[in-house]
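Work through the exercises below with the sequence and the structure beside you, and try each task before you read its solution.

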Amino acid sequence: MSLERAKKHWKKYGLEDKIIEFDTSSATVEEAAKALGCSPGEIAKTLSFLVEGKPILIVAAGDVKIDNSKYKAFFHQKAKMIPVDDVEKMIGHKVGGVCPFGILEGVEVYLDRSLQKYDVIYPTCGNSHSAVKLTIRELEETSCYQEWINVWKEEYYGWN
């Protein structure tokens, strides 16, 4: 069902043929990188949070961690992930397949600047056995994002 929601989303852009489906799991960054033969950083992980009780998504490079102080400075509250059991009903995709494509109405999407160091990235596409190869521009055009933000731990990766 979730993959179908994402496919319907991609059809609006004429890009449904870009979806890659796997026989193995791509639910984690490591599994997806192995299935695609790319670095973990090229995997665009999508994290789900609650801001003032409303669901949001942050799409970030797969090899970064969220910096809680930057998150709080931007969203004006402490980071609170959506409980695993509530993700599907609040976002439209199950954990392992969460992506910014085919999500429920009202879910805001933010793109983290950690993605900008890559020419091509691979977000999942609605389930734990899929991905889609995108340029940053294609991600911008198809994700209905609010804005680019910087909430990753730069010092951890030497990006000061």
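**Exercise 1. Which classes of residue line the second largest pocket, and how many belong to each?**

Solution. Begin with the classes: the lining of the second largest pocket has 6 nonpolar, 4 polar and 4 charged residues, where Ala, Val, Leu, Ile, Met, Phe, Trp, Tyr, Cys and Pro count as nonpolar, Asp, Glu, Lys and Arg as charged, and the others, Gly among them, as polar. The model is a predicted one, in which local features need pLDDT of at least 70 and side-chain atom pairs count only at pLDDT 80 or more, while totals for chains, interfaces and linings use all residues. Residues are numbered from 1 along each chain as its sequence is written, and side-chain values use heavy atoms, with hydrogens and water left out.

Next, take the space itself, which is about 260 Å³ in the second largest pocket. A pocket here is an open set of points on a 1 Å grid over the protein atoms alone, where a 1.4 Å probe fits, with protein on both sides within 12 Å along at least five of seven lines, and lining residues have an atom within 4 Å of a point. Grid points are joined across faces, edges and corners, and a volume is the space filled by probe spheres set on the points.

Finally, look for the contributors: 14 residues line this second largest pocket, and His9, Lys12, Gly102, Ile103 and Cys144 are the closest to its centre. Helix α1 (residues 2-11) gives the most to the lining, with 3 residues; helices (H or I, at least four residues) and strands (E, at least two) are DSSP runs, numbered from the N terminus.

**Exercise 2. Which strand supplies the largest share of the lining of the largest pocket?**

Solution. The largest pocket has a volume of about 390 Å³, and among the 24 residues that line it, Ala27, Lys45, Thr46, Leu47 and Gly96 lie nearest its centre. At least two lining residues come from each of α2 (29-36), β2 (43-51), α4 (84-91), β5 (120-123) and β6 (130-132). The largest share, 6 residues, comes from β2. By class, this lining has 15 nonpolar, 8 polar and 1 charged residues.

**Exercise 3. What is the order of the strands in the open sheet, and which strands stand at its edges?**

Solution. The sheet has 6 strands in the order β7-β5-β2-β3-β4-β8, with mixed pairing; two strands pair if DSSP finds at least two bridges between them. Because β7 (134-135) and β8 (147-149) each have a single partner strand, they stand at the edges, and one side of each is left without a neighbour in the sheet.

Now follow the pairs. Strands β5 and β7 run antiparallel and are joined by 2 bridges, with Leu134 in β7 as the bridge partner of Ile121. Strands β2 and β5 run parallel, also with 2 bridges, and there Ile43 has Tyr122 in β5 as its bridge partner. Strand β3 (residues 54-61) pairs with β4 in the parallel sense over 4 bridges, and Leu57 stands opposite Val109 in β4.

**Exercise 4. Which residues form the aromatic cluster, and how are the rings of Phe74 and Tyr110 arranged?**

Solution. The whole structure holds 6 aromatic pairs, for which rings of Phe, Tyr and Trp (its six-membered ring) must have centres within 6.5 Å, planes under 30 degrees apart counting as stacked, over 60 as edge-to-face and the rest as tilted. Tyr71 and Phe75 make a tilted pair, with 4.7 Å centre to centre and 40° between the planes. These two residues are 4 residues apart in helix α3 (residues 68-75), and therefore separated by about one helical turn.

Phe74 and Tyr110 make an edge-to-face pair, with 5.9 Å between the centres and 75° between the planes. Because Phe74 lies in helix α3 and Tyr110 in strand β4 (residues 108-112), the pair ties together parts that are 36 residues apart in sequence. Phe74 is partly exposed, with a relative accessible area of 29%, whereas Tyr110 is buried at 8%; buried means under 20% relative accessible area, exposed over 50%, and partly exposed in between (1.4 Å probe, protein chains only). To complete the answer, Phe49, Tyr71, Phe74, Phe75 and Tyr110 form one aromatic cluster.
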